[in-house]
Structures are given as structure tokens and as C-alpha cells.
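Student: I have a structure open and want to learn to read it. Can we go through it with short questions?

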Amino acid sequence: MSEREQQPQGPGEGAPATPAPQPPTTGASATTGAGTEGVGAADAPLVELVDVSKYYGNIKALEGVSLEVRAGEISCVLGDNGAGKSTLIKIISGLHQHDAGTFRIDGEQARIGSPREALDRGIATVYQDLAVVPLMPVWRNFFLGSEPTKGRGLLRRLDTATMRETTRTELRRMGIDLRDVDQPIGTLSGGERQCVAIARAVYFGAKVLVLDEPTAALGVKQSGVVLKYVAAARDAGLGVVLITHNPHHAYLVGDRFVLLKRGAMAGSHAKSEITLDELTRQMAGGSELEELSHELARASTPTLRPGRPTAG
Amino acid sequence: MSGSLARPTTPADPPEPDERLLHRSTLRSLLGRPELGAVVGAVAVFVFFSVVADSFLQLSSLSTVLYASSTIGIMAVPVALLMIGGEFDLSTGVAVTTSALVSSMFSYQMTANVWVGVGVSLLTSLAIGFFNGIVLVRTGLPSFIITLATFLMLTGMNLGFTKLISGKVSTKAIGDMEGFESARKIFASQHTIGDVNIKVTILWWLGLVAVATWILLRTRAGNWIFAAGGNAHAARAVGVPVARTKIALYMGTGFGAWVLGQHLLFSFDTVQSGEGVGNELLYIIAAVIGGCLMTGGYGSAIGAAVGALIFGMTNKGIVYAQWDADWFKFFLGAMLLLATLLNAWVRKRAEASK
């Protein structure tokens with residue numbers, strides 16, 4: 001795992017022969033950096049936030065939020081619009097710095113200054129408005145910014161064969177079977193684009209994957225497809241932070257759940273401690289949901305069971 | 001598409017290409033090329049003038065057409081790259097004149113070998129490009145405004161400095177100066193193959209197309225150009241040096257202006273300081289006819305070259321057809337409209353049918 005840390009710069013120079021190393025199997029020992037004189041190093045989460053707060057001037061954007069992300073686990077952050085989810089992402093991905101609390105990476109206190117630094121430390125963020133260039137082919141997008149080359153001097157050129165082949169195999173490893181990696185990425189569906197972005201992060205050595213509302217703009221089927229790849233990333237040994245406002249999606253894949261409400265933490269549960277109904281109830285704010293269900297019941301839909309996955 | 005997604009992975013993947021690729025015919029992949037509209041347009045223009053102008057098909061006419069095309073094409077290629085990178089340059093037309101003026105006047109005033117002037121001119125042209133680029137990335141203003149300002153300033157400086165230094169609107173003749181003949185060989189000679197005259201600008205043109213195509217399709221810089229124009233935010237997020245790429249693209253147009261400016265100078269031995277105004281639009285038109293998107297992120301150098309060829313054929317074809325040359329602008333406008341419509345239609349079809 002420690003070699004993979006070096007990888008975000010991409011297999012730029014001579015790496016075509018060695019694409020991404022096979023992700024290690026889930027195991028806490030593999031994930032702890034050998035150099036960290038460990039505060040419980042054997043079992044330190046990849047990323048850990050303890051009582052983290054963020055203020056914008058006199059506005060509390062986030063207060064006292066704790067979250068831990070472990071290798072091979074999915075930590076879900078749930079909250080309605082304005083609950084502070086984006087602020088949390090920005091802290092983890094290095095766009096903003098926290099004002100109070102503790103932020104640890106591999107059990108080591110950290111403060112990330114930029115998205116590039118986050119990437120170098122193995123934290124990759126896939127934003128809602130995806131970082132792809134729609135008119136460019138899938139394989140060019142996949143390697144954008146970290147293109148492998150061959151040859152020297154004036155003849156230094158893109159290793160297009162490797163790029164195409166790696167894109168195809170890496171996507172296939174994630175279970176995405178593209179007909180043609182030469183098609184513009186803009187012609188893929190939203191779900192597929194999410195998956196390419198995830199596969200890209202995995203290939204370039206991410207240890208922690210932060211996904212910002214990956215299913216928000218998608219239909220039911222596409223959401224399912226994306227969740228499958230999120231699970232695939234988890235199985236590949238990554239720690240995943242899944243930001244969503246959909247408790248159904250979260251419960252399908254999540255191992256632990258953090259609920260945010262108006263910038264504060266409204267709950268934190270392991271999957272074994274909570275049912276989907278309870279999660280949904282807390283997410284919607286208990287009484288508010290009951291009120292809603294009463295309203296819905298009156299609106300002549302008596303057969304609808306609460307908690308049934310609906311369109312995402 | 002989502003259907004194919006759900007398919008389970010096959011662990012034993014054969015190394016040969018996906019068999020489903022056969023579904024995508026050669027025709028379809030040709031349709032996906034940005035230059036298609038321009039090629040179709042070029043063929044149409046060629047056939048049209050072959051029919052209406054008797055002398056159009058003669059070899060001597062052909063070399064005249066190629067020459068006219070190359071004087072546009074040399075600039076259209078770097079302008080196309082810049083447009084793929086998402087920016088405009090309105091200063092290219094007068095920058096060509098600036099390049100010629102600097103070269104000529106420096107050599108004359110310093111009584112130096114003309115190659116010294118040529119070198120100084122190269123530095124000046126690159127510096128103008130660098131100026132455009134650095135102002136663009138520092139201010140974040142639209143390139144339309146920035147290069148419009150450069151265009152106006154250069155126009156004024158071309159006239160002002162020339163008058164100040166030589167007292168006239170044109171430069172002094174440098175035809176008898178040291179190095180003139182060798183510089184003419186590089187920038188303004190012609191070679192006769194059989195009974196066809198090949199002007200050296202055609203070689204410059206083809207060379208630039210080849211280099212630009214190589215850069216666009218086979219280098220990291222090419223990937224960055226497409227990304228900078230297609231989605232600069234995304235490109236920055238994955239570590240592409242967008243600012244550097246754009247500055248380099250502007251310096252590329254500076255290089256084109258230098259080549260063409262030296263040709264202008266060494267074809268004759270004096271330069272008119274008021275020349276070049278309006279040519280910048282011709283370069284942009286050639287690039288757009290050649291399939292470059294106004295919004296950036298799409299296009300090709302070959303397309304821009306074909307766009308320049310359409311320009312050359314129309315320009316000279318009208319003469320060979322013995323029509324009033326005033327009709328040229330009409331043809332150019334109609335061509336621009338048709339080619340752009342065709343490009344838009346083709347791209348929509350190519351993307352929808354995948």
C-alpha cells in the first residue's frame with residue numbers, strides 16, 4: 001500500500017509495463033504506513049475526523065462532526081441539502097481546512113492544503129459535476145493529466161496502445177464493459193461516467209475515495225449500477241466516503257452512517273445498530289417523516305410501504 | 001448502453017480487440033472525424049470550379065491555388081490549435097505585418113545581416129503571443145477582448161513606428177542587404193517540378209500541419225489542448241497545466257505569424273505597414289470550416305488546412321471563372337455557413353448513433 005501512495009503522479013515515465021498494482025486484500029495491517037509511530041497504528045482508520053468544525057466567518061458550517069473511514073469499508077454521510085455535506089467533503093479533499101477538531105490520516109494528524117496534496121496522500125474525490133472532458137474519448141479522459149509516454153526527445157509520444165488497453169481492462173475490472181473506449185465520454189450515461197471516474201481514481205492509487213452524491217442525478221437502474229461499482233471499489237480494499245441524501249442507497253452498501261443536520265452531527269451508527277426504517281426516519285427528521293407519511297396515506301396510496309426503495 | 005454495463009466480467013479476456021467494434025463501420029468512424037465537413041466542402045468547391053472555370057484544372061492554376069491556400073493555411077493551423085484550446089486570437093492578421101516590419105526595420109536600421117532581423121522578429125512574435133497568453137490567464141478576461149486590444153495596439157504601432165522610423169508607410173528596401181538571398185530561399189523561394197511551380201510556403205504549410213497533428217493526437221500537450229478547451233475546470237482538477245498550455249498556444253500563433261511575416265518580407269523587399277487587417281478573420285474562418293468548435297475542445301489541424309484550401313480554391317477559382325472578385329466574400333460567407341451547419345449535423349449524428 002505504501003508504494004501505491006507514490007502513484008497519484010501517474011505511471012508517467014516508464015510504467016506502461018506495470019499498470020496499477022493489484023489492490024491488496026482488506027487488512028488493516030497493510031494500510032498503516034510503516035513510518036507512523038502509531039497511535040494504535042495497527043488499527044488506525046485511513047481517515048479519521050474527530051469533533052471537526054468549520055466556520056465561515058460567523059457561520060457555523062460544520063460543528064463537532066466525527067467520521068472514520070477504514071479500508072474495505074463504506075462510510076456514508078447522510079444529510080439534507082445544507083446539512084454540511086459539501087463542507088465535509090471540502091475538508092477531506094483539501095479544498096478547505098478545518099477550524100477545530102482533529103483530522104487524522106493513517107492515524108497521523110494532518111491538515112491538507114490542496115486537492116493535489118490530498119491526491120498525493122491517496123484521497124481522491126469524485127465530484128458531482130464530474131471532472132471529465134465530454135468531447136474527449138474515454139481513454140484520453142482516463143489518463144488526462146497523467147498520460148504515459150514512450151520514446152525520447154522529439155519522438156516522445158503518448159503510449160496510445162497502452163492507454164487504450166489499460167482503460168479497457170481497468171474498466172472491465174470494475175465490471176464496466178465498454179464497447180469502444182474511443183467514444184467521447186460525453187456519450188456515456190451519467191452512471192457510466194461516474195464509474196469511469198471511480199475506476200480512474202482506483203487505478204491512480206487512491207486509498208480513500210470520496211464520492212459526492214454519485215447517485216443524485218441518476219435513475220433507479222443507473223443508481224444501482226453505480227452502487228455496484230462503489231461496492232467494487234470497497235472490495236478492492238479502498239475506504240469509501242459516500243455522500244448522499246438517499247438513505248436507501250446508503251443502507252444498501254454502507255458499513256457505518258453519519259447523519260448531518262444543519263451542520264451538526266445528528267447521529268452515527270454502524271450498520272448492525274440501525275435498521276433502514278430507523279435510518280430513513282432519522283434522516284427525514286422523525287416527526288417530519290411521520291407527518292409526511294400521514295399526508296401520503298391520505299392521498300390514497302395505502303399500499304405503499306414505507307422504506308421501499310423508490311427512484312433515487 | 002446500460003445493457004452492456006450489466007454484463008458480467010469475463011476473467012479470461014482475449015487480447016484482441018473487442019469483437020463488437022465491428023459494428024462500428026469505417027464509414028461511421030469517418031463520420032466522426034472533425035474534418036469531414038471541410039473535406040466534403042472542398043470536394044464540392046473543386047468540382048464546382050472545375051466545371052465553371054476552364055483553366056481551373058490546369059497544373060499552373062493548381063499551384064496558384066495551393067500558394068493562396070498556404071498563405072492562409074500557415075496561420076490557420078496554429079489558430080485552429082488555439083481554438084481547440086478554447087481561445088481566440090484576433091491579433092494574428094496584424095501580427096504577421098508586425099513580424100515583417102520588425103525584421104525589415106531592425107536589419108535596416110542596424111545595418112545587420114537580415115538573419116539578425118529575422119531572429120529579432122521571431123522573438124518579438126513569440127513575445128506578442130506570450131503577452132496575449134499571460135494577460136489571458138492572469139486576468140481571466142475573454143480572449144476576444146484581450147486580443148482585440150492587442151489587434152488595435154499592433155495596428156497602431158505598425159503604422160506609427162514605421163512612419164517614425166522610415167518616414168513613410170512602407171519600410172525601406174532591404175533587397176541588397178547581406179543574407180537577403182539565403183533568407184529568401186527559406187521563406188519565399190519557389191521550386192519548379194516539371195512545369196509546376198511549388199512555392200516554399202506550401203512546404204511550410206504542410207510541415208506545420210504535420211507537426212500540429214502530431215502534437216494534437218500523439219503528445220501529452222495535445223491531450224492538454226483538447227482538455228483545456230473542452231473543460232478547463234476538469235482539466236485543472238486532474239493536474240493539467242491549463243495556463244501554461246494556453247500561453248504556449250498563443251506563442252504558437254506568434255510562430256505562425258513570424259513564418260508568414262518573413263514570407264511577406266522576402267517575397268518583395270519592402271513591407272506596407274497597413275497590411276494584414278482583416279486577415280485574422282480568414283484564419284478563424286478556415287479553422288471553423290475545418291471543424292473547430294467555436295467553444296473549444298474539438299477540431300483538427302488537417303481540417304484547418306482543408307479550410308484554407310477551400311479559401312484558396314474559391315479565391316482563385318472566381319478569378320479563373322472570370323467573375324467579379326467582389327463575389328469572393330459572398331462565397332466565403334456561404335461556405336462558412338454551410339460548412340458549420342454540416343459539421344454540426346455530422347457531429348450530432350456521429351455522437352447519437354454510438
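**Loops, helices and a core**

Tutor: Yes, and keep in mind that this is a predicted model. A:Asp106 sits in the loop between strand 4 (100-105) and strand 5 (108-109) of chain A.

Student: Is A:Asp106 buried or exposed?

Tutor: Count the C-beta atoms around the residue. A residue with 20 or more others within 10 Å is buried. A:Asp106 has 24 C-beta neighbours inside 10 Å, so A:Asp106 counts as buried.

Student: What is the phi of A:Asp106?

Tutor: A:Asp106 is not a glycine, yet its phi is positive. The value is near 55°.

Student: A:Asp51 is not a glycine either, so why does A:Asp51 count as partly exposed?

Tutor: First place the residue: A:Asp51 belongs to strand 1 (residues 47-56) of chain A. Its phi is also positive, at about 50°. Partly exposed residues fall between the limits of 12 or fewer for exposed and 20 or more for buried. A:Asp51 is partly exposed because its count of C-beta neighbours inside 10 Å is 13.

Student: How many strands does chain A have?

Tutor: Chain A holds 312 residues, and 49% of them count as buried. Its helices number eleven. Its strands number twelve.

Student: How many strands does chain B have?

Tutor: Chain B is made of 354 residues, 47% of them buried. Helices in chain B number 15. The strands number two.

Student: What length does helix 8 of chain A reach from its first C-alpha to its last?

Tutor: Helix 8 of chain A covers residues 220-235, which is 16 residues. At 1.5 Å a residue, 22 Å is expected. Its buried residues include A:Val225, A:Tyr229 and A:Ala233. The helix comes close to the expected value, reaching 23 Å.

Student: Which residue just after helix 8 of chain A takes a positive phi?

Tutor: Look right past the end of the helix. The phi there is about 100°. The residue is A:Gly237.

Student: Which residues touch the most other members of the largest nonpolar core?

Tutor: This core has 171 residues. Helix 4 of chain B gives the largest share, 14 residues. One of the two top residues contacts A:Ala124, A:Ile198 and A:Ala233, among others, leaving aside neighbours within four places in sequence. The two are A:Leu209 and B:Ala76.

Student: At what angle do helix 13 and helix 14 of chain B pack?

Tutor: Helix 13 spans residues 279-289 of chain B, and helix 14 spans residues 301-320. Their axes are 7 Å apart. The crossing is right-handed. The angle is about 120°.

Student: How many residues of that contact are nonpolar?

Tutor: On the helix 13 side of chain B, B:Leu282, B:Ala286, B:Ala287 and B:Ile289 take part. They meet B:Ala304, B:Gly307, B:Ala308, B:Ile310 and B:Phe311 of helix 14 of chain B. None of the contact residues is charged, and one is polar. The nonpolar ones number eight.

Student: Which residues does B:Ser55 touch, beyond those up to four places away in sequence?

Tutor: B:Ser55 lies in the loop between helix 3 (36-52) and helix 4 (59-84) of chain B. B:Ser55 is partly exposed, because 14 other C-beta atoms lie within 10 Å. The residues in contact with B:Ser55 are B:Ser61 and B:Tyr320.

Technical notes
Residues numbered from 1 in each chain as written. Chains lettered and ligands numbered in written order. Predicted model: local features only at pLDDT ≥ 70, side-chain atom pairs only at ≥ 80, totals over all residues. Helix = DSSP H or I, 4+ residues; strand = E, 2+ residues; numbered from the N terminus. Contact = placed C-beta atoms within 7 Å. Expected span 1.5 Å × (residues − 1). Axes fitted to C-alpha atoms, helices over the stretch in contact; angles between N-to-C directions. Left-handed = near helix turned anticlockwise from the far one by under 90°. Nonpolar A, V, L, I, M, F, W, Y, C, P; charged D, E, K, R; others polar. Core = buried A, V, L, I, M, F, W, Y, C linked by C-beta atoms within 7 Å.
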